[in-house]
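Trainee: Could you show me how to read helix faces and aromatic contacts in a model?

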Amino acid sequence: MLDSAQQRANMVATQLRTNDVTDTRLIKAILSVPREDFVPAALVPLAYMEGCISLGKGRVLLDLRSFGKMAQLAAIGPSDRVLDVACGTGYSTAVLAQLAAHVTGLEQEREFAEVATARLRGFANVEIACSMMSAGLPAKAPFDVIFLNGAVEQTPHVLTEQLADGGRLVCIVKDGAAGHARLFLKEGGAVGERDAFDAQLPIVPGFEKIRSFAF
């Protein structure tokens, strides 16, 4: 059986480099984080496989291709303050914390927040907040980067309002069956956006489109 470090190296080679993820700081961070520490015990053998991994409660750990391309799109710098929305058990927070000055993981499932807090205890630049993800964390705003672990069905205006000037928000926007990674950039108080690549991820709870009723 391959050891964890070799599995991570193989994962990076087959799931990141083949998908144009080339940021050396990001790759180094991913290589250093044992992904198996953040998945349910029964699914540890699948920790390095392609595809999302179920965490339970309808939530997933993002597939590495989507996570890596989104993190690269966010262009996180060493002085950035990051809000990691829907951080689950903390894998994304662990990786992003090695790129940024400080990362706040936001998670509304208390069970996941407790696991993330325990797993990330050795990170001096990390904190986990347990509250409604769709509200963001206005008390800690503004953020240089907001990373959303999953898809939304409409522009997350509540979150873009919590960006600093020059701040970026990265998420997957679902439009029917299609999904696209989108970068939101705040400059001079206005928010612009552009699509980057196709991706299919589950919708983050609280970011569903409000359905209208026909009578």
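Mentor: We shall take a helix and then some rings.
This is a predicted model, in which local features need pLDDT of at least 70, side-chain atom pairs count only at pLDDT 80 or more, and totals for chains, interfaces and linings use all residues. Residues are numbered from 1 along each chain as its sequence is written, and side-chain values use heavy atoms, with hydrogens and water left out.

Trainee: Which residues of H1 are buried?

Mentor: An α-helix has 3.6 residues a turn, so residues three or four places apart point the same way. In H1 (helices being DSSP runs of H or I, at least four residues, and strands runs of E, at least two, numbered from the N terminus), the buried residues are Ser4, Arg8, Met11, Val12, Gln15 and Leu16, where buried means under 20% relative accessible area with a 1.4 Å probe, protein chains only. They cover an arc of only 105° around the axis, taken from the directions from the helix axis to the C-beta atoms, which puts them on the same side of H1.

Trainee: How many aromatic pairs does the whole structure hold?

Mentor: Rings of Phe, Tyr and Trp (its six-membered ring) pair if their centres lie within 6.5 Å, and planes under 30 degrees apart count as stacked, over 60 as edge-to-face and the rest as tilted. The search finds three such pairs. Phe38 and Tyr91 have ring centres 5.9 Å apart and planes at 70°, so this pair is edge-to-face. The pair links distant parts of the chain, with Phe38 in the loop between H2 and strand E1 and Tyr91 in helix H4, 53 residues apart.

Conventions
Buried means under 20% relative accessible area, exposed over 50%, partly exposed in between (1.4 Å probe, protein chains only).
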